[in-house]
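Let's take a walk through this model together, one neighbourhood at a time. Keep the structure open and follow along as the residues come up.

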Amino acid sequence: MSDLAPRIKANREHKSFCFKQRGLITRGVGQLKDSWEFIIRTADNIKATLAEAQSPDVHQWMLNLVAKTMVKQAEREVSVAYHAAYPLAATAVLVMQQYPQLIDMLMIRWVKKCPFVIPEYVAKSPGQSTDDYLKMAGYKRNEDDELESESIYSERMAGMLALFAAIVQTPDIGDKPNPFPIYHGWVWLARMINMPPQAISPMLVQSFLSIAGNAMLNAYGSQMHKLLQAIHVQWLPKLTDTSPLAKAGKSNLTTFLEEYMQSGKLRECNGRNVKTR
């Protein structure tokens, strides 16, 4: 990908096309609403742009732009309003159905900005500078070169993970399956609870479950129930971190799971059923 931008810039026609379409895609994704008509229109515009790509380089550049724009939208908007993940995810799935390469582009963007989507905890390597480590972990600095707070960092991570969760729980649309289905959510959750929890972990798991949990219960039934019990009884007690983030996350997830044990349903984010048709 690093050598793609210079090749685009070197071709005046390709550069002009990409510059024009960048604005259209950025505005379309940024203005998404909980409306099936709006979702369809946005996805159709993206697919039309990809179909008009004048070369393999332009096509690849546009796919990367779509992925980058969607992940950035999750980082900025979904992080403060989880329900915004659903229309964004439905748009992504509609595009993936025709251009499954978008899945790989999204994963590249997620891994770069939010390693928890793998999931993995970034460990500092021997001799690695603190700045390099924090960059690999996804931390940002503001205009004054001040490191963002842990709460802002965790909210951004949860927002990007929420998009991942919303995509995997999106049902098949029309006569085409979701190319990135619920199985990937099962793999993520199983891997997550096989790692010792860190301060941010309960918040991430609750973010994931509030978006995709009930879809996973529908898909996996008793297996999912056992997994939720394991999180509650075995995994959460392993969290020994006493930071405010860890304590709040552990308390919130404990309450979330206790409500499930009593009701049989996971409390989910509003907006899961996008206004379709």
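Start at Glu148, which sits in the loop between H7 and H8. Is Glu148 buried or exposed? Its relative accessibility is 13%, so Glu148 counts as buried, the cut-off being under 20%. Setting aside neighbours within four places in sequence, Glu148 is in contact with Gly138, Tyr139, Lys140, Tyr153 and Arg156.

Follow that last contact to Arg156, which is in helix H8. Arg156 counts as buried too, at 9% relative accessibility. Leaving out residues up to four places away in sequence, Arg156 touches Glu75, Ser79, Gly138, Tyr139, Lys140 and Glu148. Gly138, Tyr139 and Lys140 are on the contact list of Glu148 and also on that of Arg156.

Now look at Asp145, which is found in the loop between H7 and H8. Here the backbone does something worth a pause. Most residues other than glycine have a negative phi, and most peptide bonds are trans. Asp145 has a phi near 65 degrees, a positive value in a residue other than glycine. Unlike buried Glu148, Asp145 is exposed, with a relative accessible area of 53%. There's a backbone feature to check at Pro119 as well: the peptide bond leading into it from Ile118 is cis, with omega near 0 degrees. Pro119 lies in the loop between helix H6 (101-113) and helix H7 (130-137).

Before going further, a word on trust. This is a predicted model, and the protein chain averages a pLDDT of 91, with 97% of the residues scoring at least 70. Where is confidence lowest, and where is it highest? The low end is helix H1 (residues 4-10), at a mean of 79, and the high end is helix H9 (residues 183-193), at 97. Where pLDDT is low, the predicted coordinates should not be read in detail.

Back to H8, this time for its packing. Two packed helices are described by the angle between their axes and the distance between the axes. Helix H8 (residues 150-169) and helix H10 (residues 201-220) have axes that come within 9 Å and cross at roughly 20 degrees. Angles under 35 degrees count as roughly parallel, so H8 runs roughly parallel to H10. The crossing of H8 past H10 is right-handed. On the H8 side, the residues that meet H10 include Ser154, Met157, Ala158, Leu161, Phe164 and Ala165. Among their partners on the H10 side are Leu204, Phe208, Ile211 and Ala215. The residues of this contact between H8 and H10 divide into 14 nonpolar, 3 polar and 1 charged.

Leu161 is a good place to zoom in, since this residue of helix H8 is buried, with a relative accessible area of 0%. Which residues does Leu161 touch, not counting those up to four places away in sequence? They are Val117, Trp188, Leu204 and Phe208. Pro115 is 46 residues from Leu161 in sequence, and their C-alpha atoms are 9.5 Å apart in space.

Further along the chain comes Pro181, in the loop between H8 and H9. Pro181 is partly exposed, with a relative accessible area of 31%. Its C-alpha atom is separated by 4.6 Å from that of Val168, although the two are 13 residues apart along the chain. Val168 is also one of the H8 residues that meet H10.

H10 has another packing partner to look at. H10 and helix H12 (residues 244-263) pack at an angle of about 20 degrees, with their axes 8 Å apart. That makes H10 roughly parallel to H12. H10 brings residues including Pro202, Val205, Leu209 and Leu217 to this contact, and H12 brings, among others, Leu245, Leu253, Phe256 and Tyr260. The residues here divide into 10 nonpolar, 4 polar and 1 charged. Met203 of H10 meets residues of H12 and also residues of H8.

Finish with helix H4 (residues 56-78) and helix H5 (residues 85-98), which pack at an angle of about 170 degrees, with their axes 11 Å apart. Angles over 145 degrees count as roughly antiparallel, so that is how H4 runs relative to H5. Met70, Gln73, Ala74 and Val78 in H4 meet Ala85, Leu88, Thr91 and Ala92 in H5. This contact divides into 6 nonpolar residues, 2 polar and no charged.

Conventions: Residues numbered from 1 in each chain as written. Predicted model: local features only at pLDDT ≥ 70, side-chain atom pairs only at ≥ 80, totals over all residues. Heavy atoms only, no water. Axes fitted to C-alpha atoms, helices over the stretch in contact; angles between N-to-C directions. Helix = DSSP H or I, 4+ residues; strand = E, 2+ residues; numbered from the N terminus. Parallel < 35°, antiparallel > 145°, perpendicular 65-115°, else oblique. Left-handed = near helix turned anticlockwise from the far one by under 90°. Contact = heavy atoms within 4.5 Å. Nonpolar A, V, L, I, M, F, W, Y, C, P; charged D, E, K, R; others polar. Buried < 20%, exposed > 50% of the residue type's maximum accessible area, 1.4 Å probe, protein only. pLDDT = per-residue confidence, 0-100.
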